[in-house]
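Hi everyone, thanks for making time this morning. I'd like to walk you through one model, so please have a look at it on the screen before I start.

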Protein chains: 2
Amino acid sequence: MDRRKILLLIFDGLGDRPIPELGRQTPLQTARKEHLDWFAANGVNGLLDPIGPGIKPGSDTSHLALFGYDPRSVYTGRGPFEAAGVGIPVKRGDIAFRCNFATVDPSLRVIDRRAGRIREGTKELAAAIDGLVLDHGIRALFRAGTEHRGALVLRGGGLSPLVSDTDPHAEGVPVAAATATAHEGELTARVVNAFTKECYRILSNHSVNVQREKAGLPAANIVVLRGAGIVPEIPPITERFHLRAAGIAGVALIKGICRAVGMDVLDVPGATGGLDTDMVAKATAALEALKSFDLVAVNVKAPDVCGHDGLATEKVRTIERIDAMMATLKQGLGSDVVLAATADHSTPVMLKDHSGDPVPVVIFGEGVRVDDVQRFDELSAAKGGLGRILGRDLIPILIDLAGRSEKYGA
Amino acid sequence: MDRRKILLLIFDGLGDRPIPELGRQTPLQTARKEHLDWFAANGVNGLLDPIGPGIKPGSDTSHLALFGYDPRSVYTGRGPFEAAGVGIPVKRGDIAFRCNFATVDPSLRVIDRRAGRIREGTKELAAAIDGLVLDHGIRALFRAGTEHRGALVLRGGGLSPLVSDTDPHAEGVPVAAATATAHEGELTARVVNAFTKECYRILSNHSVNVQREKAGLPAANIVVLRGAGIVPEIPPITERFHLRAAGIAGVALIKGICRAVGMDVLDVPGATGGLDTDMVAKATAALEALKSFDLVAVNVKAPDVCGHDGLATEKVRTIERIDAMMATLKQGLGSDVVLAATADHSTPVMLKDHSGDPVPVVIFGEGVRVDDVQRFDELSAAKGGLGRILGRDLIPILIDLAGRSEKYGA
């Protein structure tokens with residue numbers, strides 16, 4: 001049989017638990033979603049544990065698992081993936097941090113940990129500190145992310161992720177001095193502390209901040225760091241699974257995961273990662289990308305946002321918007337594509353947080369054993385022909401259904 | 001409870017995918033098979049991933065898994081199991097090859113890679129080259145298999161599997177000289193090349209070939225080698241699981257797997273490994289063997305043959321013949337036997353190849369939790385009381401149901 005393409009749809013935080021406001025149903029059980037249900041009725045369904053039963057996943061670890069990797073061997077913290085997500089071309093051995101622009105007084109006491117959620121001018125501020133050369137020739141690569149967020153990469157010999165945060169995680173206290181959490185981190189702690197000083201020196205006089213102060217806004221006059229992580233060596237998906245792959249996502253972290261596993265990240269105008277994201281545009285972009293890639297992965301962040309904010313009816317409405325996206329896909333999908341739709345984890349509205357509950361998964365395409373499940377939700381899926389699978393098993397299953405698996409043995 | 005016996009039925013390549021010719025049903029869903037379904041209705045059912053979800057197994061790796069071994073730690077290539085299958089008593093450290101009798105001209109150019117699919121006289125030809133002593137006192141053990149096939153084992157100090165094939169995998173080109181793929185393979189490559197020369201010297205004048213040439217048939221005047229593998233150390237099933245075990249199989253590879261894990265291989269007249277195999281004879285032999293063994297494993301190759309040949313209705317008919325075998329078993333089975341029926345992998349008719357789809361499994365016997373599954377097929381099994389299990393978990397489950405498990409802990 002011909003080798004086929006794979007479309008992997010990841011609806012972030014889609015899974016849920018019974019919600020009193022919805023008559024003790026989940027948003028998936030409540031929403032009108034004829035197209036999602038059509039895929040369930042014409043595909044094979046099951047439950048999926050993104051990492052393992054009862055394990056509450058982060059979006060980073062679960063996406064690694066859904067891309068076929070064991071996060072226990074390739075996940076070294078969020079920093080490296082955030083850094084890749086904001087566009088720093090990270091290298092194995094780099095040390096990466098998640099960062100905030102913050103506001104400090106001249107004694108470096110933190111007045112606002114998010115610099116008034118600054119939105120404008122962060123690119124210019126980032127450019128002013130990007131490329132700094134610190135102790136021992138260590139280079140600092142810095143990029144701004146959304147709002148006050150950013151990422152820092154330190155590159156050079158002798159670095160280690162064994163350093164504490166400079167982010168004090170509170171206001172009214174000074175920016176913390178980085179300290180080594182083990183002997184190997186001593187050089188890195190010195191470099192980080194030099195970076196803090198240089199940031200304040202450069203940023204406090206920067207024209208963006210001069211303007212902000214004139215306008216009565218808090219200056220983004222320092223960068224605080226957290227979550228040091230070493231950039232892991234991840235065998236690219238092109239080598240590991242022989243797939244030329246593209247990722248479509250609105251949020252930096254997911255873009256970073258896509259880049260880290262060797263996917264091309266496609267920009268889709270209107271794909272914001274928020275509730276206002278243009279899902280149909282994502283579907284159209286995915287169909288287009290399938291012409292040139294073997295695997296196209298799409299992340300839709302909106303259901304997770306509703307879960308974190310505790311918005312039950314908004315989550316139902318988001319699922320109905322996802323259904324419009326599925327209509328576009330149903331219309332445009334070629335017979336040379338195997339489609340899978342699932343979630344990276346549950347974000348139950350009643351928890352306002354991720355949970356370890358399994359999520360539904362449906363696989364649709366030529367050759368799939370069609371079961372008698374009629375609806376795409378957490379309980380219907382449990383009766384499907386896939387049984388209960390692990391996140392990291394999904395890509396091997398899809399590769400086999402797409403006629404791309406290699407025989408183990410003879 | 002008394003310790004009971006285990007009967008493990010492995011229907012090779014039985015699993016399938018929807019087939020348009022069968023109204024998008026699988027052969028198992030289509031076949032009339034009241035006895036197989038009786039076992040499903042009176043047993044516990046589930047899905048089984050022979051190696052792992054989505055992994056496309058070979059018959060060798062999957063049988064190792066179904067016999068309770070992790071193929072990743074005991075599988076070293078097909079050669080050693082083929083050699084055991086044709087009856088060479090292999091030892092740990094031997095280097096084994098799969099072989100063909102072939103026809104060459106005096107410059108050793110290959111005219112026919114299969115020597116006209118020679119059927120007669122191969123035992124005599126094999127005897128003429130079996131036991132050759134080559135460089136450094138290395139001994140060559142050779143046995144003929146079915147038709148033009150055979151196996152070679154090299155035994156002695158300093159050998160390595162790191163050598164290339166002498167089989168050129170094409171006609172019109174010379175027999176390849178073996179080369180070392182790493183330094184450790186140099187002695188072995190010299191020995192293999194000496195074996196090639198000796199084969200031609202001895203076989204080209206052999207009376208079987210003189211006769212063949214008179215009859216206008218291509219001479220089986222050389223042996224070409226492929227797939228060097230070192231014989232692994234496999235803890236025998238008698239020690240690993242405390243089971244005296246017997247295997248019944250028509251094909252050499254499966255016989256070899258059985259021998260390699262320490263099973264006695266029983267010869268059943270009429271068990272050919274082909275579509276014409278006498279399945280009822282196998283069932284009768286299995287019932288007889290259960291009197292003297294703790295575990296009897298039976299491989300029925302026919303459904304795999306239909307899958308590879310793309311024969312949908314023939315696969316349905318084969319399943320109906322398997323059902324006659326199940327009738328014999330149902331009739332003759334004592335209450336002291338736990339029976340399991342499953343497949344080593346799917347061989348979908350539409351693929352003409354193995355696939356990574358899970359296969360149904362049913363377990364029947366005293367003490368089994370009987371679920372409400374009524375039919376033995378890929379989708380009914382998914383709703384069974386076993387859920388989805390791994391191939392290597394089956395023997396431990398059966399050992400426990402047979403009252404033979406040991407407590408882990410207190």
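I'll go through how the chains relate, then the interface, then the pockets and the cavity, and end with salt bridges.

Please keep in mind throughout that this is a predicted model.

Let's begin with the two chains. As general background, two copies of a chain are related by a rotation about an axis and a shift along it. Here, chain B is superposed on chain A by a rotation of 125° with 0.7 Å of shift along its axis, and the RMSD is 0.2 Å. That is the relation of a three-fold axis.

So how do the copies meet? Only 3% of the interface residues of chain B are also interface residues in chain A, so the copies meet through different surfaces. Chain B brings 34 residues to the contact, and chain A brings 24 residues. Between chain B and chain A, about 2,300 Å² of area is buried, and carbon and sulfur atoms give 52% of that.

How many salt bridges does the rule find across the interface of chain B and chain A? There are four across that interface. For one to look at on screen, take the salt bridge between R17(B) and D400(A), where the closest N and O atoms are 3.2 Å apart.

Now to the pockets. The largest pocket has a volume of about 1,400 Å³. Its lining has 47 residues, and those closest to the centre are T146(A), R149(A), V251(A), A252(A) and L253(A). Several elements of chain A give two or more residues to this lining, including the strands β3 (95-104), β6 (139-144) and β7 (149-155), and the helices α10 (252-260) and α12 (302-309). Which element gives the most to the lining of the largest pocket? That is α10(A), with five residues. By class, the lining of the largest pocket divides into 14 nonpolar, 16 polar and 17 charged residues.

Over to the second largest pocket, with a volume of about 1,200 Å³. For this one, 36 residues make up the lining, and R78(B), T146(B), R149(B), V251(B) and K301(B) lie nearest the centre. The elements of chain B that give two or more residues here are β4 (95-104), β7 (149-155), α10 (252-260) and α12 (302-309). In this pocket the largest share of the lining comes from α12(B), with four residues. The lining of the second largest pocket splits into eight nonpolar, 13 polar and 15 charged residues.

Next, enclosed space. The count comes to one cavity of 30 Å³ or more, and about 160 Å³ of space lies in the largest cavity. Which residues lie nearest the centre of the largest cavity? Of the 16 that line it, they are V44(A), R369(A), L386(A), D357(B) and P358(B). Helix α14 (residues 391-401) of chain A gives the largest share of that lining, three residues. By class, the lining of the largest cavity has eight nonpolar, three polar and five charged residues.

Last, back to salt bridges. Over all chains the count comes to 53. One of them joins D294(A) and R244(A), with the closest N and O atoms 3.8 Å apart. This pair links distant parts of the chain, 50 residues apart: D294(A) sits in the loop between α11 (279-289) and β11 (295-300), and R244(A) in the loop between α9 (237-240) and β9 (245-248), in chain A.

That's my tour, and I'm happy to take questions.

How values were computed:
Residues numbered from 1 in each chain as written. Chains lettered and ligands numbered in written order. Predicted model: local features only at pLDDT ≥ 70, side-chain atom pairs only at ≥ 80, totals over all residues. Heavy atoms only, no water. 1 Å grid on protein atoms, 1.4 Å probe; cavity = no way out; pocket = protein on both sides within 12 Å on 5 of 7 lines; lining within 4 Å. Points joined across faces, edges and corners; volume = space filled by probe spheres on them. Nonpolar A, V, L, I, M, F, W, Y, C, P; charged D, E, K, R; others polar. Least-squares fit on C-alpha atoms with pLDDT ≥ 70 in both. Contact = heavy atoms within 4.5 Å. Buried area = accessible area lost by both parts, 1.4 Å probe. Salt bridge = Lys/Arg side-chain N within 4 Å of Asp/Glu carboxyl O.
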